[in-house]
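Q: I'm new to this one. Can you walk me through it?
A: Sure, here it is.

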Amino acid sequence: MGGYFTFSFPDFSFAFLSILLEGLPFLLLGTIISGLIDQFLPARLMTRLLPRNPYVGAIVSGLLGIIFPMCECGVVPVIRRLMAKGLPPSNAITYMLAAPIVNPIVALSTYAAFRGQAPLEVTIFRLGIGFVVAVIVGFAVHNLPIRHVLRTSILADIAQPQGLSNHSAGGSVGRRLWGSLHVCVGDFLSMTVYFVLGAMIAATFNTAVNQEVILPLAMNDWLATASLMGLASVLSVCSTTDAFIAATFTLFPTVAKLGFLVFGPMVDLKLIFIYSAVFRKRFILGLVVGLFVLVGLICVRLQVILAHTSVPL
Amino acid sequence: MTLILQRLVSAAILMIWGSVLCAIYFSGRVTSYLHPTFQPLTAVCGCALVLLAVLVLVAPGGGDAAHATASTGSPWKKALGVLMLLIPLFVALATSKDSFGASTVMNRNYVEDVAQLPGGAPASAPSNTPDAPLPTNDSSSASPANTASTPAVSDGEGDAQTEVVKNKKGEIKAEVIDFLYAAQLPDMRSTFEDKQIEVIGQLMPAKENNPNGDRYDLVRMFMTCCAADVQPIALPIHPGAKPNQPDMTWVKVSGKATFPVIGGQRHPLIENATVEKTDPPEDTYLY
């Protein structure tokens, strides 16, 4: 008792299973959508629909979550499939980062969770910062060579004119549905391996690390924001519900909670492993560090800016 | 690995995961793991995985599935992936006790102020009450009724006694969370203050405000989404004699409810508490 790290295997197993049970339905939903996209979305349709200007395309991609909301567990197989269908990686990554935040479900849950704590302002800032950060990352990715971003196997899939599967978006509806099934199962199994790994690490930190270690950090905006962002990564809670956790950190300034709410759905321990199914390790490292710095800077600067306004944060 | 073998392995893994999820749901174990909102999704996902397993076996073709599942990677990597999908699941199922032990609960921050709960900032007290409202983040818009665990007593004037439930000894039966609300709501506090009460929870050593080491916490777990995010809600108790029960034992506590001011804030404290072991309640969580 009282130590910073006390590991209990039964408790680890309990937390591990609860994370799996909560996340698996959403992961399955994502892979089902992924299978349907593969078989029913005509190749290159996305590139025709989105603005040709890559920067405008990234901005529009950042808003797609409003129409196609996805949680962070399910979005990765979807963007993998969309990239195979011709969506530029910069747009896909913008959608991947923004969709778990910039969507109506998250807006509602954030508003509900922060009732009594300036809910409208927190909701607007959460969605706004999430969108801005995702678009900035999309711009940055656009200027990177694609081989530095995607795994070799994903690059090879994109190089195929029809995407990952060989007869996608062709044949009868029945044939396409069977094709969707195969793609869905393949994606689900490969993504679940990474999800299991991430859930194991999240469960370890979730149960073994004494959370009181981070409490003294609440007194300083920089440390508070950084520590809550770190905690969001460790807890790995779904973006549709994480606001209910963030709202409980009453000792922390609101900007630190915003850091938790924006950074968590973009980078958490299970996500890092899920990202590994699509992106190169070095890119993931850069993405994690870049997002940490970017979200942290925006949130802390927001505190300074809002101090001169009447916005109740 | 041939395509047929790969299809069989995929179907087997899906069938195992689907069966496990269905078993967890239909056995009722799911109530230990998930908020009621998420529980049906376990059954839906489990059934869907079983269905997928069957469809994978009967589906025509399969080359695409094989391609999507493992188009790259050596056989040992594929075998490792299969093991990763099965071994952690089985080990966790075998070792999980469907509840947290004392060490994990001690690692969590105790909630001793209801404003720390999601939507937990209490409604402001009526202006004619003798006590000014105690500090909350924003006491204007939230209500304790927003949480599933509504206090057993009303905080409105005139009807504070209408919902009080008493045991055979005449003690007011309440939940741990009720006393946290009562600490901030004067009308509700008057229902409990200096009266004999009965409350059920799990026994833990007190983490704070325990100068003589003779106080304990009666803990209930508040779940937001799943067990990984539960927060212990703590009600300090001051027993007349040291309880013999180990940490996290379910106990029934009887004693006098008091609300001393500590550090400028009112906190609940059960004085002269008698502690006896009891069965867990039907639903061990508060929501």
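Q: What percentage of the 287 residues in chain B are buried?
A: In this predicted model, buried residues make up 52% of chain B.

Q: How many helices and strands does chain B have?
A: Chain B has 8 helices and 10 strands.

Q: And how many of each in chain A?
A: Chain A comes to 14 helices and 0 strands. Read from the N terminus, its elements run α-α-α-α-α-α-α-α-α-α-α-α-α-α.

Q: What share of chain A is buried?
A: For chain A, 61% of the 313 residues count as buried.

Q: What are the spans of chain A along its principal axes?
A: The C-alpha trace of chain A spans about 60 × 50 × 35 Å.

Q: How does the radius of gyration of chain A fit a compact globule?
A: It agrees. A compact globule with 313 residues would have a radius of gyration near 20 Å, and chain A has 20 Å.

Q: Switching to contacts. In chain A, what part of them joins residues at least 24 apart?
A: Counting contacts between residues at least 6 apart in sequence, 84% join residues at least 24 apart.

Q: And what is that share in chain B?
A: In chain B, residues 24 or more positions apart account for 68% of the contacts with a separation of 6 or more.

Q: Back to chain A. Is helix α5 mostly covered or mostly uncovered?
A: Mostly covered. Helix α5 of chain A takes in residues 89–98, and 10 of its 10 residues are buried. Among them are A:N91, A:I93, A:Y95 and A:L97.

Q: What covers the buried residues of α5(A)?
A: The cover includes α3 (54–63), α4, α7 (119–142), α12 (254–266), α13 (269–275) and α14 (281–306) of chain A.

Q: You mentioned α4. At what angle do α4(A) and α9(A) pack?
A: About 130 degrees, with their axes 11 Å apart. Helix α4 is residues 72–84 of chain A, and helix α9 is residues 173–208 of chain A.

Q: What does that make them, parallel or oblique?
A: Oblique to each other, as follows from the angle.

Q: Is the crossing left-handed or right-handed?
A: The crossing of α4(A) and α9(A) is right-handed.

Q: Which residues meet there?
A: From α4(A) come A:C73, A:V76, A:P77, A:R80 and A:R81. In α9(A) they meet A:V183, A:D187, A:S190, A:M191 and A:F195.

Q: How many of those are nonpolar, polar and charged?
A: The residues of the contact of α4(A) with α9(A) divide into 6 nonpolar, 1 polar and 3 charged.

Note on methods:
Residues numbered from 1 in each chain as written. Chains lettered and ligands numbered in written order. Predicted model: local features only at pLDDT ≥ 70, side-chain atom pairs only at ≥ 80, totals over all residues. Heavy atoms only, no water. Axes fitted to C-alpha atoms, helices over the stretch in contact; angles between N-to-C directions. Helix = DSSP H or I, 4+ residues; strand = E, 2+ residues; numbered from the N terminus. Parallel < 35°, antiparallel > 145°, perpendicular 65-115°, else oblique. Left-handed = near helix turned anticlockwise from the far one by under 90°. Contact = heavy atoms within 4.5 Å. Nonpolar A, V, L, I, M, F, W, Y, C, P; charged D, E, K, R; others polar. Rg over C-alpha atoms; globule rule 2.2 N^0.38 Å. Buried < 20%, exposed > 50% of the residue type's maximum accessible area, 1.4 Å probe, protein only.
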